[in-house]
Amino acid sequence: MSGREGGKKKPLKAPKKDSKDMDEDDVAFKQKQKEQQKALDAAKANASKKGPLVGGGIKKSGKK
């Protein structure tokens with residue numbers, strides 16, 4: 001076992017992915033995802049403004 005071969009072998013570098021051109025379907029899909037994310041963020045903002053949904057109160061265990 002010589003000094004050059006000892007130790008852990010480095011993995012080969014993965015080839016870089018080519019940036020592929022997006023067609024109309026991909027563009028429409030990305031736009032739809034952005035709109036859904038905006039709607040979700042708006043719903044989260046509206047939900048955080050209001051208080052809790054249930055009225056709280058004292059919880060009873062049922063034991064006497």
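**A single helix and its charged patches**

K38 is a good place to begin your tour: with a relative accessible area of 63%, K38 is exposed, because exposed means over 50%. Keep in mind as you look that this is a predicted model. K38 lies in helix α1, and helix α1 covers residues 24-49.

Now step back to the whole chain. How many helices and strands does the chain have? There is one helix, and there are zero strands. The chain has 64 residues, and buried residues make up 0% of them. Buried here means under 20% relative accessible area. As for the surface, the chain exposes about 7,600 Å², with carbon and sulfur atoms supplying 55% of that area.

Let's return to K38 and look at its partners. Together with K20, K30 and K34, K38 forms a positive surface patch. Try finding these four lysines in the structure above: K20, K30, K34 and K38.

There is a patch of the opposite charge too. Which residues form the negative surface patch? They are D23, E24, D25 and D26. Take D26 as an example from this group. D26 lies in helix α1, just as K38 does. Is D26 exposed or partly exposed? D26 has 33% relative accessibility, so it counts as partly exposed, the class between under 20% (buried) and over 50% (exposed).

Our last stop is M22, which sits in the segment before α1. M22 has 48% relative accessibility, so M22 counts as partly exposed as well. What does M22 touch, leaving aside residues up to four places away in sequence? On that basis, M22 touches V27 and K30. You have already met K30, one of the residues in the positive surface patch. So M22, from the segment before α1, is in contact with a member of that patch.

How values were computed
Residues numbered from 1 in each chain as written. Predicted model: local features only at pLDDT ≥ 70, side-chain atom pairs only at ≥ 80, totals over all residues. Heavy atoms only, no water. Patch = residues over 30% accessible without salt bridge, like charges linked within 9 Å, V, L, I, M, F, W, Y side chains within 5 Å. Areas by Shrake-Rupley, 256 points an atom, 1.4 Å probe, with all protein chains shown as cover. Salt bridge = Lys/Arg side-chain N within 4 Å of Asp/Glu carboxyl O. Lys, Arg positive; Asp, Glu negative; His and termini not counted. Charge placed at Lys NZ, Arg CZ, Asp CG, Glu CD. Helix = DSSP H or I, 4+ residues; strand = E, 2+ residues; numbered from the N terminus. Buried < 20%, exposed > 50% of the residue type's maximum accessible area, 1.4 Å probe, protein only. Contact = heavy atoms within 4.5 Å.
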